[in-house]
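Work through the exercises below with the model open. Try each task before reading its solution.

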Amino acid sequence: MPTVVLTHALPGPADARLRDAGFDVVTLDADGPPTREAVLDAVAGATGLVTLLSDRVDAALLDAAGPSLRVVANYAVGLDNVDLDACRARGVAVAHTPDVLSDATADMAWALLLAVARRVVEGDALVRSGRWGGWAPDQLLGTSLSGRRFGVVGFGRIGQAAARRATGFGMEVAYAARTPKPEAEAALGAQHLPLETLLRTADVVSLHTPGTPETHHLIDAAALDAMKPTALLINTARGTVIDEAALVAALRSGAIAGAGLDVFEREPALAAGLAEQPNVVLAPHLGSATTDTRAEMAGMVADAVIAVAAGGTVPHLAVAPTP
Ligand code: NAP
Ligand code: GLV
Ligand code: GLV
(Lines give C-alpha, C1' and ligand atoms only; values in the text may rest on other atoms or scores of the structure.)
(Ligands and ions follow the chains in the order given, each with its own letter.)
Protein backbone atom coordinates (compact mmCIF):
# COMPACT_ATOMS: atom_id res chain seq x y z
CA MET A 1 0.00 0.00 0.00
CA PRO A 2 1.49 3.42 -0.91
CA THR A 3 1.88 5.83 2.00
CA VAL A 4 0.89 9.48 2.11
CA VAL A 5 2.11 11.57 5.03
CA LEU A 6 0.03 14.55 6.18
CA THR A 7 2.03 16.82 8.47
CA HIS A 8 -1.29 17.97 9.96
CA ALA A 9 -4.86 16.67 9.94
CA LEU A 10 -7.00 18.61 7.46
CA PRO A 11 -10.66 19.54 7.71
CA GLY A 12 -12.71 18.15 4.82
CA PRO A 13 -12.47 15.11 2.57
CA ALA A 14 -8.70 14.54 2.20
CA ASP A 15 -8.31 11.66 4.64
CA ALA A 16 -11.32 9.66 3.40
CA ARG A 17 -10.54 10.29 -0.26
CA LEU A 18 -6.94 9.11 0.14
CA ARG A 19 -7.97 5.97 2.09
CA ASP A 20 -10.65 5.15 -0.50
CA ALA A 21 -7.96 5.38 -3.17
CA GLY A 22 -5.89 2.75 -1.33
CA PHE A 23 -3.37 4.90 0.52
CA ASP A 24 -2.01 4.26 3.96
CA VAL A 25 -2.59 7.70 5.51
CA VAL A 26 -0.14 8.79 8.22
CA THR A 27 -1.08 12.02 10.04
CA LEU A 28 1.68 13.50 12.18
CA ASP A 29 0.03 16.01 14.48
CA ALA A 30 -2.01 13.72 16.73
CA ASP A 31 -0.07 15.00 19.76
CA GLY A 32 0.41 18.60 18.63
CA PRO A 33 2.49 20.06 15.79
CA PRO A 34 5.23 17.61 14.78
CA THR A 35 8.87 18.62 15.22
CA ARG A 36 11.06 18.86 12.15
CA GLU A 37 12.83 15.66 13.30
CA ALA A 38 9.51 13.82 13.56
CA VAL A 39 8.59 14.92 10.03
CA LEU A 40 11.99 13.84 8.64
CA ASP A 41 11.58 10.44 10.34
CA ALA A 42 8.02 9.86 9.22
CA VAL A 43 8.42 10.64 5.51
CA ALA A 44 10.89 7.83 4.71
CA GLY A 45 9.41 5.71 1.93
CA ALA A 46 6.32 7.88 1.39
CA THR A 47 4.79 8.28 -2.08
CA GLY A 48 3.01 11.52 -1.25
CA LEU A 49 3.48 14.32 1.22
CA VAL A 50 0.80 16.86 2.19
CA THR A 51 2.34 19.97 3.74
CA LEU A 52 1.26 23.26 5.29
CA LEU A 53 2.67 26.70 4.47
CA SER A 54 4.54 26.52 7.79
CA ASP A 55 6.42 23.34 6.76
CA ARG A 56 9.77 23.80 5.04
CA VAL A 57 9.94 21.56 1.96
CA ASP A 58 13.64 21.50 1.11
CA ALA A 59 16.31 19.13 -0.15
CA ALA A 60 16.75 17.60 3.32
CA LEU A 61 13.07 16.71 3.55
CA LEU A 62 12.97 15.32 -0.01
CA ASP A 63 16.08 13.24 0.67
CA ALA A 64 14.57 11.95 3.92
CA ALA A 65 11.53 10.78 1.92
CA GLY A 66 13.76 9.10 -0.63
CA PRO A 67 13.18 7.95 -4.21
CA SER A 68 9.63 6.66 -3.54
CA LEU A 69 8.36 10.26 -3.29
CA ARG A 70 6.27 11.27 -6.33
CA VAL A 71 4.34 14.31 -5.15
CA VAL A 72 4.29 17.10 -2.58
CA ALA A 73 0.85 18.72 -2.22
CA ASN A 74 1.02 22.05 -0.37
CA TYR A 75 -2.23 22.97 1.40
CA ALA A 76 -1.95 26.61 0.25
CA VAL A 77 -1.65 28.54 -2.98
CA GLY A 78 1.60 30.21 -1.91
CA LEU A 79 4.71 28.10 -2.50
CA ASP A 80 7.32 30.20 -0.73
CA ASN A 81 7.88 27.30 1.74
CA VAL A 82 8.68 24.86 -1.07
CA ASP A 83 12.04 24.58 -2.87
CA LEU A 84 10.57 24.02 -6.33
CA ASP A 85 13.99 23.50 -7.95
CA ALA A 86 14.87 20.76 -5.45
CA CYS A 87 11.55 19.04 -6.23
CA ARG A 88 12.09 19.38 -9.98
CA ALA A 89 15.62 18.00 -9.70
CA ARG A 90 14.26 14.86 -8.00
CA GLY A 91 11.29 14.42 -10.35
CA VAL A 92 8.85 15.20 -7.52
CA ALA A 93 5.64 16.91 -8.66
CA VAL A 94 4.33 19.86 -6.63
CA ALA A 95 0.64 20.65 -6.23
CA HIS A 96 -1.01 23.66 -4.56
CA THR A 97 -4.51 25.11 -4.18
CA PRO A 98 -5.06 28.07 -6.54
CA ASP A 99 -8.45 29.64 -7.39
CA VAL A 100 -10.64 28.00 -4.72
CA LEU A 101 -9.35 30.40 -2.06
CA SER A 102 -9.30 33.61 -4.11
CA ASP A 103 -12.72 34.86 -3.02
CA ALA A 104 -12.20 33.96 0.65
CA THR A 105 -8.83 35.71 0.73
CA ALA A 106 -10.15 38.79 -1.08
CA ASP A 107 -13.01 38.87 1.45
CA MET A 108 -10.40 38.84 4.24
CA ALA A 109 -8.55 41.77 2.68
CA TRP A 110 -11.86 43.63 2.69
CA ALA A 111 -12.73 42.54 6.22
CA LEU A 112 -9.44 44.05 7.39
CA LEU A 113 -9.88 47.17 5.26
CA LEU A 114 -13.38 47.90 6.57
CA ALA A 115 -12.29 47.10 10.12
CA VAL A 116 -9.40 49.59 9.93
CA ALA A 117 -11.25 52.26 7.94
CA ARG A 118 -14.26 52.21 10.26
CA ARG A 119 -12.44 51.40 13.52
CA VAL A 120 -14.57 48.31 14.14
CA VAL A 121 -12.15 46.72 16.62
CA GLU A 122 -11.78 49.90 18.68
CA GLY A 123 -15.56 50.28 18.63
CA ASP A 124 -16.10 46.70 19.75
CA ALA A 125 -13.72 47.26 22.67
CA LEU A 126 -15.53 50.47 23.65
CA VAL A 127 -18.96 48.83 23.65
CA ARG A 128 -17.71 45.83 25.65
CA SER A 129 -15.93 48.09 28.16
CA GLY A 130 -19.17 49.40 29.59
CA ARG A 131 -17.77 52.94 29.17
CA TRP A 132 -19.69 53.81 26.01
CA GLY A 133 -21.86 56.86 26.62
CA GLY A 134 -24.02 56.64 23.46
CA TRP A 135 -23.96 58.15 19.95
CA ALA A 136 -21.77 61.21 19.56
CA PRO A 137 -20.91 63.34 16.51
CA ASP A 138 -17.17 63.00 16.86
CA GLN A 139 -16.87 59.43 18.14
CA LEU A 140 -14.33 57.10 16.46
CA LEU A 141 -14.41 58.89 13.12
CA GLY A 142 -12.95 56.81 10.31
CA THR A 143 -12.19 56.99 6.60
CA SER A 144 -14.67 57.03 3.70
CA LEU A 145 -13.86 54.64 0.86
CA SER A 146 -16.22 55.49 -2.00
CA GLY A 147 -14.67 57.72 -4.62
CA ARG A 148 -11.17 56.91 -3.37
CA ARG A 149 -8.40 54.93 -5.07
CA PHE A 150 -7.91 51.22 -4.30
CA GLY A 151 -4.34 50.31 -5.24
CA VAL A 152 -3.52 46.64 -5.83
CA VAL A 153 0.07 45.41 -5.77
CA GLY A 154 0.16 41.99 -7.48
CA PHE A 155 -2.81 41.85 -9.85
CA GLY A 156 -3.27 38.07 -10.00
CA ARG A 157 -6.18 35.86 -8.96
CA ILE A 158 -6.63 37.32 -5.46
CA GLY A 159 -5.61 40.88 -6.34
CA GLN A 160 -8.25 40.96 -9.07
CA ALA A 161 -10.88 39.47 -6.73
CA ALA A 162 -10.10 42.21 -4.18
CA ALA A 163 -10.34 44.83 -6.96
CA ARG A 164 -13.76 43.49 -8.06
CA ARG A 165 -14.99 44.13 -4.53
CA ALA A 166 -13.55 47.67 -4.66
CA THR A 167 -15.69 48.52 -7.70
CA GLY A 168 -18.75 47.48 -5.67
CA PHE A 169 -17.71 49.98 -3.00
CA GLY A 170 -17.50 52.76 -5.59
CA MET A 171 -13.72 52.91 -5.56
CA GLU A 172 -11.44 53.57 -8.49
CA VAL A 173 -8.98 50.70 -9.09
CA ALA A 174 -5.29 51.04 -9.90
CA TYR A 175 -2.68 48.31 -9.96
CA ALA A 176 1.06 47.80 -10.03
CA ALA A 177 2.34 44.61 -11.63
CA ARG A 178 5.36 43.17 -13.39
CA THR A 179 3.17 42.03 -16.29
CA PRO A 180 0.30 44.24 -17.53
CA LYS A 181 -3.10 42.50 -17.40
CA PRO A 182 -5.08 44.21 -20.21
CA GLU A 183 -8.17 41.97 -19.94
CA ALA A 184 -8.64 42.38 -16.19
CA GLU A 185 -7.73 46.05 -16.58
CA ALA A 186 -10.57 46.53 -19.06
CA ALA A 187 -13.05 44.43 -17.06
CA LEU A 188 -12.43 46.42 -13.87
CA GLY A 189 -11.73 49.82 -15.42
CA ALA A 190 -8.37 49.59 -13.68
CA GLN A 191 -5.37 51.77 -14.32
CA HIS A 192 -1.87 50.25 -14.58
CA LEU A 193 0.62 52.44 -12.70
CA PRO A 194 4.29 52.23 -11.78
CA LEU A 195 4.58 51.12 -8.14
CA GLU A 196 5.94 54.53 -7.04
CA THR A 197 2.94 56.35 -8.55
CA LEU A 198 0.51 53.87 -7.05
CA LEU A 199 2.06 54.27 -3.59
CA ARG A 200 1.97 58.07 -3.87
CA THR A 201 -1.66 58.28 -5.03
CA ALA A 202 -3.61 55.34 -3.59
CA ASP A 203 -5.90 55.74 -0.59
CA VAL A 204 -5.71 52.00 0.04
CA VAL A 205 -2.71 49.83 -0.86
CA SER A 206 -3.64 46.13 -0.83
CA LEU A 207 -0.83 43.59 -1.26
CA HIS A 208 -1.41 40.41 -3.30
CA THR A 209 2.00 39.30 -4.59
CA PRO A 210 3.60 35.98 -3.70
CA GLY A 211 6.42 35.95 -1.16
CA THR A 212 9.59 35.79 -3.27
CA PRO A 213 13.09 37.25 -3.09
CA GLU A 214 11.83 39.92 -5.51
CA THR A 215 8.91 40.96 -3.26
CA HIS A 216 10.91 40.81 0.00
CA HIS A 217 10.45 44.21 1.74
CA LEU A 218 8.82 45.66 -1.40
CA ILE A 219 7.08 47.87 1.16
CA ASP A 220 10.02 49.31 3.08
CA ALA A 221 10.52 52.61 4.90
CA ALA A 222 10.84 54.54 1.63
CA ALA A 223 7.64 53.00 0.22
CA LEU A 224 5.74 53.80 3.43
CA ASP A 225 7.09 57.34 3.32
CA ALA A 226 5.85 57.71 -0.26
CA MET A 227 2.28 56.76 0.75
CA LYS A 228 -0.32 59.39 1.67
CA PRO A 229 -0.51 60.08 5.41
CA THR A 230 -4.22 59.23 5.10
CA ALA A 231 -3.61 55.91 3.32
CA LEU A 232 -4.38 52.42 4.66
CA LEU A 233 -2.14 49.41 3.96
CA ILE A 234 -3.65 45.92 3.76
CA ASN A 235 -1.57 42.72 3.62
CA THR A 236 -3.10 39.31 2.97
CA ALA A 237 -0.11 38.23 0.81
CA ARG A 238 3.01 37.31 2.79
CA GLY A 239 4.51 39.02 5.82
CA THR A 240 7.91 39.26 4.14
CA VAL A 241 6.54 41.75 1.58
CA ILE A 242 6.52 44.44 4.32
CA ASP A 243 9.46 45.57 6.45
CA GLU A 244 7.43 45.13 9.63
CA ALA A 245 9.73 47.22 11.85
CA ALA A 246 9.45 50.08 9.33
CA LEU A 247 5.67 49.66 9.36
CA VAL A 248 5.55 50.02 13.15
CA ALA A 249 7.53 53.25 12.81
CA ALA A 250 5.20 54.52 10.05
CA LEU A 251 2.08 53.72 12.10
CA ARG A 252 3.62 55.50 15.10
CA SER A 253 4.74 58.61 13.24
CA GLY A 254 1.58 58.97 11.18
CA ALA A 255 3.41 58.41 7.88
CA ILE A 256 0.34 56.28 7.03
CA ALA A 257 -3.05 56.24 8.75
CA GLY A 258 -3.49 52.55 9.44
CA ALA A 259 -2.95 48.95 8.42
CA GLY A 260 -4.77 45.62 8.32
CA LEU A 261 -2.51 42.57 8.47
CA ASP A 262 -3.33 38.88 8.03
CA VAL A 263 0.31 37.82 7.60
CA PHE A 264 3.52 38.67 9.44
CA GLU A 265 7.21 38.69 8.72
CA ARG A 266 8.10 36.07 11.37
CA GLU A 267 4.78 34.27 11.98
CA PRO A 268 3.50 33.79 14.60
CA ALA A 269 5.84 36.40 16.19
CA LEU A 270 5.12 40.12 15.75
CA ALA A 271 7.54 43.01 15.32
CA ALA A 272 8.15 44.91 18.56
CA GLY A 273 5.46 47.53 19.11
CA LEU A 274 3.03 46.30 16.45
CA ALA A 275 0.41 44.96 18.87
CA GLU A 276 0.46 48.23 20.85
CA GLN A 277 -0.59 50.34 17.84
CA PRO A 278 -4.31 51.23 17.89
CA ASN A 279 -4.41 51.96 14.13
CA VAL A 280 -3.72 48.40 13.00
CA VAL A 281 -6.04 45.40 12.85
CA LEU A 282 -4.34 42.02 13.16
CA ALA A 283 -5.67 38.64 12.01
CA PRO A 284 -3.95 35.26 12.49
CA HIS A 285 -3.42 34.29 8.82
CA LEU A 286 -7.11 33.59 8.10
CA GLY A 287 -7.24 34.37 4.36
CA SER A 288 -8.57 31.00 3.21
CA ALA A 289 -10.18 30.11 6.55
CA THR A 290 -13.78 29.36 5.64
CA THR A 291 -15.24 25.89 6.08
CA ASP A 292 -16.11 25.60 2.39
CA THR A 293 -12.74 26.84 1.13
CA ARG A 294 -10.68 24.64 3.42
CA ALA A 295 -12.71 21.58 2.34
CA GLU A 296 -12.11 22.41 -1.32
CA MET A 297 -8.40 22.82 -0.65
CA ALA A 298 -8.34 19.43 1.10
CA GLY A 299 -10.03 17.80 -1.90
CA MET A 300 -7.45 19.35 -4.21
CA VAL A 301 -4.41 18.10 -2.33
CA ALA A 302 -5.91 14.60 -2.10
CA ASP A 303 -6.79 14.57 -5.80
CA ALA A 304 -3.25 15.66 -6.70
CA VAL A 305 -1.63 12.88 -4.66
CA ILE A 306 -4.00 10.24 -6.04
CA ALA A 307 -3.58 11.36 -9.66
CA VAL A 308 0.19 11.76 -9.67
CA ALA A 309 0.77 8.48 -7.79
CA ALA A 310 -1.25 6.73 -10.52
CA GLY A 311 0.89 8.32 -13.26
CA GLY A 312 -1.69 10.97 -14.11
CA THR A 313 -1.96 14.69 -13.48
CA VAL A 314 -4.28 17.47 -12.27
CA PRO A 315 -4.51 21.09 -13.45
CA HIS A 316 -3.23 22.55 -10.16
CA LEU A 317 0.40 21.42 -10.38
CA ALA A 318 3.21 23.96 -9.97
CA VAL A 319 5.80 21.33 -10.92
CA ALA A 320 4.71 18.62 -13.37
CA PRO A 321 5.61 14.99 -12.70
CA THR A 322 8.45 13.56 -14.73
CA PRO A 323 7.32 10.56 -16.73
P1 NAP B 1 -1.29 34.76 -8.50
O2 NAP B 1 -2.56 34.59 -9.23
O3 NAP B 1 -0.06 34.08 -8.98
O4 NAP B 1 -1.03 36.34 -8.37
C5 NAP B 1 0.15 36.89 -7.89
C6 NAP B 1 0.43 38.12 -8.73
O7 NAP B 1 1.56 38.79 -8.17
C8 NAP B 1 0.78 37.81 -10.18
O9 NAP B 1 -0.07 38.56 -10.99
C10 NAP B 1 2.23 38.25 -10.31
O11 NAP B 1 2.48 38.87 -11.53
C12 NAP B 1 2.31 39.30 -9.25
N13 NAP B 1 3.69 39.59 -8.86
C14 NAP B 1 4.69 38.73 -8.58
N15 NAP B 1 5.79 39.39 -8.26
C16 NAP B 1 5.50 40.70 -8.34
C17 NAP B 1 6.24 41.90 -8.13
N18 NAP B 1 7.53 41.85 -7.79
N19 NAP B 1 5.60 43.09 -8.28
C20 NAP B 1 4.32 43.14 -8.65
N21 NAP B 1 3.55 42.04 -8.86
C22 NAP B 1 4.15 40.84 -8.71
O23 NAP B 1 -1.44 34.30 -6.99
P24 NAP B 1 -2.75 34.39 -6.06
O25 NAP B 1 -3.50 33.13 -6.14
O26 NAP B 1 -3.44 35.66 -6.33
O27 NAP B 1 -2.04 34.44 -4.62
C28 NAP B 1 -1.17 35.49 -4.28
C29 NAP B 1 -0.51 35.25 -2.95
O30 NAP B 1 -1.43 35.47 -1.89
C31 NAP B 1 -0.01 33.82 -2.71
O32 NAP B 1 1.24 33.59 -3.31
C33 NAP B 1 0.06 33.75 -1.20
O34 NAP B 1 1.34 34.12 -0.75
C35 NAP B 1 -0.96 34.79 -0.74
N36 NAP B 1 -2.14 34.17 -0.07
C37 NAP B 1 -2.37 34.45 1.22
C38 NAP B 1 -3.49 33.92 1.83
C39 NAP B 1 -3.80 34.22 3.27
O40 NAP B 1 -4.26 33.33 3.97
N41 NAP B 1 -3.59 35.43 3.73
C42 NAP B 1 -4.36 33.07 1.13
C43 NAP B 1 -4.06 32.80 -0.19
C44 NAP B 1 -2.95 33.36 -0.79
P45 NAP B 1 2.97 38.13 -12.87
O46 NAP B 1 1.72 37.92 -13.63
O47 NAP B 1 3.90 39.07 -13.49
O48 NAP B 1 3.61 36.84 -12.42
C1 GLV C 1 -2.19 30.98 2.30
O2 GLV C 1 -1.50 31.83 2.80
C3 GLV C 1 -1.95 30.42 1.01
O4 GLV C 1 -0.92 30.72 0.40
O5 GLV C 1 -2.81 29.64 0.57
C1 GLV D 1 -27.42 57.44 12.58
O2 GLV D 1 -27.74 56.45 13.21
C3 GLV D 1 -28.32 58.22 11.76
O4 GLV D 1 -29.54 57.95 11.79
O5 GLV D 1 -27.80 59.08 11.06
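Three exercises follow, on two ligand sites and one helix.

This is a predicted model, in which local features need pLDDT of at least 70, side-chain atom pairs count only at pLDDT 80 or more, and totals for chains, interfaces and linings use all residues. Residues are numbered from 1 along each chain as its sequence is written, chains are lettered from A and ligands numbered from 1 in the order in which they are written, and side-chain values use heavy atoms, with hydrogens and water left out.

**Exercise 1.** Describe the surroundings of ligand 1 and its polar contacts.

Solution.
1. List the neighbours, taking a residue as near if one of its heavy atoms lies within 4 Å. Ligand 1 has 26 residues around it; the closest are Ile-158, Arg-178, Thr-179, Lys-181 and Asp-262.
2. Sort them by class. The shell holds 8 nonpolar, 12 polar and 6 charged residues. Here Ala, Val, Leu, Ile, Met, Phe, Trp, Tyr, Cys and Pro count as nonpolar, Asp, Glu, Lys and Arg as charged, and the others, Gly among them, as polar.
3. Find polar contacts with the ligand (pairs of N or O atoms within 3.5 Å). A side-chain N or O atom of Lys-181 sits 2.2 Å from an oxygen atom of ligand 1. Ile-158 brings a backbone N or O atom to 2.8 Å from a ligand oxygen atom. Thr-236 places a backbone N or O atom 2.9 Å from a nitrogen atom of ligand 1.
4. Check the cover. On its own, ligand 1 has 940 Å² of accessible area (Shrake-Rupley, 1.4 Å probe). The protein covers 86% of it.

**Exercise 2.** Which residues are around ligand 2?

Solution.
1. They are Leu-53, Ala-76, Val-77, Gly-78, Leu-101, Arg-238 and His-285.
2. By class, the shell has 4 nonpolar, 2 polar and 1 charged residues.
3. Now the contacts. The side chain of His-285 has an N or O atom 2.7 Å from an oxygen atom of ligand 2. A polar backbone atom of Val-77 lies 2.8 Å from a ligand oxygen atom. For a backbone N or O atom of Gly-78, the distance to an oxygen atom of ligand 2 is 2.8 Å.
4. The protein buries 87% of the 190 Å² that ligand 2 exposes when taken alone.

**Exercise 3.** Compare the span of helix H7 with the expected value.

Solution.
1. H7 covers residues 157-168. Helices are DSSP runs (H or I, at least four residues), numbered from the N terminus.
2. From first C-alpha to last, H7 reaches 17 Å, close to the expected 16 Å. The expected span is 1.5 Å times one less than the number of residues.
3. Just after H7, Gly-170 has a positive phi of about 75 degrees.

Key. A polar contact is a pair of N or O atoms within 3.5 Å; within protein, one must be able to donate a hydrogen and the other to accept it, and residues adjacent in sequence count only if both atoms are side-chain atoms. Helices (H or I, at least four residues) and strands (E, at least two) are DSSP runs, numbered from the N terminus.
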